[in-house]
Amino acid sequence: MHGEQYVCLVCGFNMVGFHPDHCPFCGTGKENFITADQCSARYRVQGTPVHKHVTRLNSTPSLGIEHAAYCIDTPGGAIWIDCPSCFDKTAPRAHTILFTHHHFLGACNLYREQFGARVRIHHDDSWHQICRPFIFDDTFGADFLEHGLQAFHIDGHTPGFTMYIFEDVLFICDYVFLDGESMKYNPFGPADRTVAGGVQIAKLLQGKELSTVCGYNYVVPYDEWRRRFEAGPVYAGY
């Protein structure tokens, strides 16, 4: 690997080119960091099929509160939604890595180099301080359709938060958390904009026939997810 890179064992955040005293994301001390090389030696990326064209990607063993990533087999090649925290050369190749938002960029810089992948994120999240060590090949500022994958800018949880739909699968990451039989909005964002984004999501989903929802730590049938979402997620704050 090239350059200095560390991985937080508490949250999975990758620190590229510097070794801070505290994790820029979760705030834990540097005693909980390992090098990216050590991470690659200790962890692997495990793929779990969740749909005929979608595979869930997680570090194994579990790497803190790392968000799940998803590999989509599109007609134009494989696209990842978000990125695993550990770098594993045996992970399925991607030609594009797209992000829902900037909080968990994983080891996308290393996968970009390994695969020659194009890394993309919404412009409104690209400027954030924790993004500065990462390379984005381009940013987008509007909804788009690419190889059957639909991208919808929501705002809310983060300024650039983007949800995706491919065929009958919704990729919502951590905009909402499942909580028993109910649902909560992600509290790590502005309450008013997060709730307003939820209203926008509801409008975008009207009339869509979906089967599966892929979240940051769950995969559930769409009907079950929609029932909880329509009941009204709670914003608890933090």
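User: Given that two strands pair if DSSP finds at least two bridges between them, which residue of β6 is the bridge partner of Leu-57 in this predicted model?
Analyst: The model is a predicted one, and in it β5 and strand β6, which covers residues 69–74, pair in the antiparallel sense over four bridges. Looking along β6 for the residue bridged to Leu-57, one arrives at Ala-69.

User: On the other side of the pairings of β5, how many bridges join strand β4 to strand β5?
Analyst: Strand β4 spans residues 44–51 and strand β5 spans residues 54–60, and the two run antiparallel. They form a hairpin with two residues between them, and within this pairing Arg-44 has Thr-60 of β5 as its bridge partner. The number of bridges joining β4 to β5 is seven.

User: Which strands stand at the edges of the open sheet that contains these strands?
Analyst: The sheet is built from seven strands in the order β4-β5-β6-β7-β8-β9-β10, with mixed pairing. Each edge strand has a single partner strand, so one side of it is left without a neighbour in the sheet, and the strands in that position are β4 and β10 (138–140).

User: What is the average twist from one strand to the next in that sheet?
Analyst: The value concerns the open sheet of seven strands, whose order runs from β4 to β10. From one strand to the next, the twist averages 25 degrees.

User: Is Lys-184 buried, partly exposed or exposed?
Analyst: Lys-184 lies in strand β16, which covers residues 182–185, and, leaving aside neighbours within four places in sequence, its contacts are Tyr-175, Val-176, Phe-177, Asp-179, Pro-233 and Val-234. Buried would require under 20% relative accessible area and exposed would require over 50%. Because the relative accessibility of Lys-184 is 33%, this residue counts as partly exposed.

User: Which elements give two or more residues to the lining of the largest cavity?
Analyst: The structure holds one cavity of 30 Å³ or more, and the space in the largest cavity is about 30 Å³. Its lining consists of Ala-68, Tyr-70, Ile-81, Asp-82, Thr-100, Phe-171, Cys-173, Cys-214 and Gly-215. The elements that give two or more of these residues are β14 (169–173) and β17 (212–215).

User: How many charged residues are in the lining of the largest pocket?
Analyst: The largest pocket holds about 360 Å³ of space and is lined by 19 residues, of which Phe-25, His-103, His-157, Asn-186 and Phe-188 lie nearest its centre. Of the lining residues, ten are nonpolar and eight are polar, while the number of charged residues is one.

Conventions: Residues numbered from 1 in each chain as written. Predicted model: local features only at pLDDT ≥ 70, side-chain atom pairs only at ≥ 80, totals over all residues. Heavy atoms only, no water. Pairing = 2+ DSSP bridges. Buried < 20%, exposed > 50% of the residue type's maximum accessible area, 1.4 Å probe, protein only. Contact = heavy atoms within 4.5 Å. Axes fitted to C-alpha atoms, helices over the stretch in contact; angles between N-to-C directions. 1 Å grid on protein atoms, 1.4 Å probe; cavity = no way out; pocket = protein on both sides within 12 Å on 5 of 7 lines; lining within 4 Å. Points joined across faces, edges and corners; volume = space filled by probe spheres on them. Nonpolar A, V, L, I, M, F, W, Y, C, P; charged D, E, K, R; others polar.
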